[in-house]
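Colleague: I am new to this structure and would like a close look at a single part of it. Please take me through that part carefully and show how it sits within the rest.

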Amino acid sequence: MATSPTGDDDAALVAAHEALQDAQLVGRLLQGDTAAYGDLVNRHMRRAFAVAFRILGHREDAEDVVQDSFIRALERIDSLDRSRPFRPWLTKIIVNQALNYRRSRTRRVTESIPMDARAMTPSPENDAERSALRDRLGKAMATLPEKQRTIVQLADIEQFTSAEIAEIMDMADGTVRWHLHQARHALRSVLGPLKEVS
Amino acid sequence: MKENRMHGDVPDLELGALLRDNTPEPPYDAVDWLALHGRITARARPALLRPAPWLQLIARWSTFGIPATAGAAALLVILLGTAVMRPAVRQPGSTVAYSTLEEELNASVSSVLDASAGDILEDMLLESAPW
């Protein structure tokens with residue numbers, strides 16, 4: 001989340017502009033412009049992959065979910081309320097697909113999300129202290145129920161608003177805020193004082 | 001506001017920043033984005049080439065609706081044609097009544113005419129007699 005009102009305004013403007021472009025592409029797609037679908041995929045593919053990967057912790061599974069989600073989105077494009085933004089609607093499909101995929105995945109051995117994944121590319125952050133913090137964060141996140149973990153990821157990492165998460169998770173806004181409060185409280189309890197950990 | 005704060009409406013900036021900074025980025029570099037895009041659009045092609053719902057409706061109507069309408073029209077023409085060609089069915093009672101009435105009228109008119117003509121002729125002969 002942005003920390004200043006100006007930052008909030010800028011982020012809101014960017015989001016509004018992106019939503020407008022999405023709406024135009026959806027409009028073109030509904031009129032039979034097949035290239036608009038490719039453009040929509042191009043615009044949202046990376047973020048879709050990030051959401052799926054954070055839920056599944058497995059690259060190939062996340063790619064499969066991204067594929068399935070875009071196909072499902074196309075099949076359901078008529079059900080999209082065009083007065084609402086496209087991204088939360090698509091994210092809802094991705095989250096549902098990823099959660100279903102994870103529940104049905106029984107035999108496949110899954111990789112846990114490596115907390116030092118950034119270290120795959122050379123970085124000065126790759127030190128022991130950082131690694132220990134990530135390890136603690138990873139363990140703290142793992143203690144959360146699936147629903148709360150997903151809500152925290154959507155709120156604090158993907159930076160959706162509670163209203164958007166409510167739409168994505170098919171919950172009341174108040175319920176989302178309650179889960180978010182509970183999850184943050186639990187994380188703080190596990191991590192201890194944040195000044196110490198950071 | 002207090003209620004909202006209690007229920008997580010206000011972002012926990014400190015924890016949020018910590019999570020963002022320390023949650024690993026997904027392995028973007030390991031994904032072949034061009035290939036993924038290609039796979040998605042290839043799978044979507046059949047659905048994309050399918051006509052719009054309103055066009056499908058028209059297509060469905062043209063498949064079944066046009067032959068059905070043409071068949072119904074042909075049937076209607078045949079039925080109407082048969083009705084025109086067929087002689088009118090007359091009720092026997094009404095025919096008899098009609099003929100009887102016609103004959104009766106003719107007979108009455110003739111008798112009246114005959115009687116009048118005879119009287120006029122007789123009057124003329126009597127007037128022209130020398131006596």
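**A close look at one helix and its surroundings**

Modeller: At a relative accessibility of 3%, A:Asp22 counts as buried, since the limit for that word is under 20%, and A:Asp22 has its place in helix α1 (residues 5–30) of chain A. Leaving out residues up to four places away in sequence, A:Asp22 touches A:Leu40, A:Arg43, A:His44, A:Phe86 and A:Arg87. Another buried residue is A:Gln97, with a relative accessible area of 18%, and A:Gln97 lies in helix α4 (residues 86–104) of chain A. When neighbours within four places in sequence are set aside, A:Gln97 is in contact with A:Val65, A:Asp68, A:Ser69 and A:Arg72.

These two residues belong to a predicted model, in which chain A has nine helices and zero strands, so that its pattern, read along the sequence, is α-α-α-α-α-α-α-α-α. Of the 198 residues of chain A, 43% count as buried, and among contacts between residues at least 6 apart in sequence, 62% join residues at least 24 apart.

The part I would single out for you is helix α8 (residues 173–191) of chain A. At 1.5 Å a residue, the 19 residues of α8(A) should span 27 Å, and the C-alpha atoms at its ends are indeed 27 Å apart, which agrees. The buried residues of α8(A) are A:Val176, A:Arg177, A:His179, A:Leu180, A:Ala183, A:Arg184, A:Leu187 and A:Leu191. Because these buried residues cover an arc of only 160° around the axis, they are on the same side of α8(A). The face turned away from that buried side carries the exposed residues A:His185 and A:Ser189. Just after α8(A) comes A:Gly192, which takes a positive phi of about 80°.

What does α8(A) meet? One partner is helix α6 (residues 146–157) of chain A, whose axis comes within 9 Å of that of α8(A) and crosses it at roughly 95°. Angles of 65 to 115 degrees count as roughly perpendicular, and therefore α6(A) is roughly perpendicular to α8(A). On the side of α6(A), the contact is made by A:Lys147, A:Gln148, A:Ile151, A:Val152, A:Ala155 and A:Asp156. On the side of α8(A), the contact is made by A:Val176, A:Trp178, A:His179, A:Leu180, A:Gln182, A:Ala183, A:Arg184 and A:Leu187. Several names return here from the buried set, among them A:Val176, A:His179, A:Leu180, A:Ala183, A:Arg184 and A:Leu187.

A careful reading also takes in the confidence of the prediction. The mean pLDDT of chain A is 83, and 82% of its residues reach 70 or more. Among the elements of chain A, helix α3 (residues 59–75) has the highest mean pLDDT, at 96, whereas helix α9 (residues 194–197) has the lowest, at 54. Over residues 115–122 of chain A, pLDDT stays under 50, and for this stretch the model has 19 contacts beyond four places in sequence.

For chain B, the mean pLDDT is 75, and 64% of its residues reach 70 or more. Confidence in chain B is highest in helix α3 (residues 33–49), at a mean of 93, and lowest in helix α1 (residues 2–6), at 43. Residues 1–6 of chain B stay under 50 in pLDDT, and the model has seven contacts for them beyond four places in sequence. The model as such scores ipTM 0.77 and pTM 0.65.

Technical notes:
Residues are numbered from 1 along each chain as its sequence is written. Chains are lettered from A and ligands numbered from 1 in the order in which they are written. This is a predicted model: local features need pLDDT of at least 70, side-chain atom pairs count only at pLDDT 80 or more; totals for chains, interfaces and linings use all residues. Side-chain values use heavy atoms; hydrogens and water are left out. Helices (H or I, at least four residues) and strands (E, at least two) are DSSP runs, numbered from the N terminus. The expected span of a helix is 1.5 Å times one less than its number of residues. Buried means under 20% relative accessible area, exposed over 50%, partly exposed in between (1.4 Å probe, protein chains only). The arc is that of the directions from the helix axis to the C-beta atoms. Contact means heavy atoms within 4.5 Å. pLDDT is the predictor's confidence in each residue, from 0 to 100. Axes are lines fitted to C-alpha atoms, for helices over the stretch in contact, and angles run from 0 to 180 degrees between N-to-C directions. Angles under 35 degrees count as roughly parallel, over 145 as roughly antiparallel, 65 to 115 as roughly perpendicular and the rest as oblique.
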